[in-house]
Amino acid sequence: MNADLSRPHTAGREDDSSLRLTFVERELPAGRHQFHKERLMAQIHEDLRAADAAEAGTVTPARRTGPRNPVLRRAFLVPAAAFALAGALAAGFLTYVDQGAADGPGSTIATGPAMTTRIGTAEAKGTAELLDRISLAAASVGPGVKVRPDQFIYIGSKTANTYVKSVENESSLVSEELHMRHTWNSPDGLRGWLIEPGATGPGGLTLDRPKVNGKDMPPSLNGPSHDYLAGLPTDPDVLLKKIYEETRGMGRNPDQQAFTTIGDLLRETYPPAELAAALYRTAAKIPGVVTVDDAVDAAGRHGIAVARLDEENGQREEWIFDRQTLEFLGERVVQVRGDSGEDGLIKEGTVVFTNAVMTRGVVDRMKEVPGAGR
């Protein structure tokens with residue numbers, strides 16, 4: 001449905017000169033493959049042309065050292081660079097994007113190289129019970145969002161990443177400024193739009209679903225549509241089995257990938273209430289899931305977190321919930337053990353990804369923002 005849901009293992013490389021010529025791939029925390037949209041779409045078309053040519057016997061497919069088609073492995077996110085666009089909301093439609101910086105003096109979110117945080121205490125005991133309570137809270141909101149085929153799902157979130165930047169064999173740790181990310185998607189997932197400072201320009205860019213052999217690429221857990229989500233099983237055992245089967249071979253290990261996949265759905269979609277409740281009950285069945293006593297999202301809101309540690313790179317993925325209402329607030333990834341990234345520049349306490357869901361809603365037109373101008 002959305003163009004986020006991506007994750008690699010560590011921070012990666014970005015060359016300033018190549019940015020001026022083309023969009024580049026940058027590896028970011030906890031499995032989030034953040035691709036610039038234009039590069040991704042070009043790669044898709046290149047892959048499809050190569051596959052068609054190979055099937056026709058006209059060319060031998062080139063050997064690849066990396067994944068063949070990233071969108072088939074994880075859905076895609078367009079990352080933002082470390083600058084933002086000034087802006088305003090006019091007549092209920094997004095014309096420019098605000099800076100979305102930290103919440104002013106005393107904010108608990110740092111910006112600039114390197115966002116750091118207190119590492120909360122993790123405890124496995126009581127996690128299943130907490131997820132059951134969160135599931136009940138999610139189910140209590142009613143049937144959830146209703147959207148017509150001609151409408152769009154809007155999600156506005158505040159976000160930032162920390163990554164390793166390498167130029168001429170010299171590496172440095174860079175943290176993006178907190179900024180707003182705005183996405184619109186049709187319920188069938190065929191039409192979409194993204195506006196994100198530093199990645200798209202004020203006009204944004206399309207998130208329309210690509211085609212494979214002339215047909216629309218089918219939705220999946222890693223590239224869902226709202227309609228697709230509505231058809232997912234809500235029995236936790238059945239749903240978890242589907243997640244494991246559909247994400248087989250992705251990520252470092254099946255359990256971490258399953259946790260990541262659920263987190264992506266919580267953050268970057270507007271799931272029906274019944275499915276949201278099922279996702280929490282499903283997460284409780286994944287080994288290694290714990291509770292973190294305190295975590296803060298990109299908007300500076302403190303809450304309790306459900307988390308899982310990636311043992312390989314020492315990064316902990318945390319889903320943050322309001323302590324009273326148990327509403328999902330956002331997500332962050334924190335380096336909690338050892339060092340990570342190129343040259344070990346990502347130290348313990350570094351926030352490598354932070355996100356806060358600010359608004360979800362249904363609108364009648366692309367680029368319309370719920371409640372704006374009213």
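**Exposed loops, a helix crossing and an enclosed strand**

Asn 169 is exposed, its relative accessible area being 75%. In this predicted model, Asn 169 lies in the loop that separates strand E6 (152–167) from strand E7 (170–175), and its phi is positive, at about 65°, although the residue is not a glycine. A second asparagine can be described in similar terms. Asn 213 is placed in the loop between strand E11 (211–212) and strand E12 (215–216), where its phi is near 50°, again a positive value in a residue other than glycine. With a relative accessibility of 53%, Asn 213 counts as exposed, because the cut-off for that class is over 50%.

The chain that carries these loops contains 8 helices and 17 strands. Of its 374 residues, 53% count as buried, while the chain as a whole exposes about 15,900 Å², of which carbon and sulfur atoms supply 52%. Among the contacts with a separation of 6 or more, 66% are accounted for by residues 24 or more positions apart.

The packing of helices may be illustrated by helix H6 (residues 236–246) and helix H8 (residues 273–283), whose axes come within 9 Å and cross at roughly 75°. Because an angle of 65 to 115 degrees counts as roughly perpendicular, H6 and H8 are described as roughly perpendicular to each other. On the H6 side, the contact involves Pro 236, Leu 239, Leu 240 and Ile 243, and these meet Leu 275, Ala 278, Leu 279, Arg 281 and Thr 282 in H8. By character, the residues of this contact divide into 7 nonpolar, 1 polar and 1 charged.

Among the strands, E13 (residues 289–296) is largely enclosed by the rest of the structure, because 7 of its 8 residues are buried. Strand E5 (residues 122–123) runs antiparallel to E13 and is joined to it by 2 bridges, with Thr 291 of E13 serving as the bridge partner of Glu 123. E13 also pairs with strand E14 (residues 302–310), in the antiparallel sense and over 6 bridges; here Val 289 stands opposite Arg 308 in E14. E13 and E14 form a hairpin with 5 residues between them, and Gly 300, which lies in the turn, has a positive phi of about 85°. As a general point, the side chains of a regular strand alternate between the two faces of the sheet.

Technical notes:
Residues are numbered from 1 along each chain as its sequence is written. This is a predicted model: local features need pLDDT of at least 70, side-chain atom pairs count only at pLDDT 80 or more; totals for chains, interfaces and linings use all residues. Side-chain values use heavy atoms; hydrogens and water are left out. Helices (H or I, at least four residues) and strands (E, at least two) are DSSP runs, numbered from the N terminus. Buried means under 20% relative accessible area, exposed over 50%, partly exposed in between (1.4 Å probe, protein chains only). Contact means heavy atoms within 4.5 Å. Accessible areas come from the Shrake-Rupley method with a 1.4 Å probe; for residues, only the protein chains shown count as cover. Axes are lines fitted to C-alpha atoms, for helices over the stretch in contact, and angles run from 0 to 180 degrees between N-to-C directions. Angles under 35 degrees count as roughly parallel, over 145 as roughly antiparallel, 65 to 115 as roughly perpendicular and the rest as oblique. Ala, Val, Leu, Ile, Met, Phe, Trp, Tyr, Cys and Pro count as nonpolar, Asp, Glu, Lys and Arg as charged, and the others, Gly among them, as polar. Two strands pair if DSSP finds at least two bridges between them.
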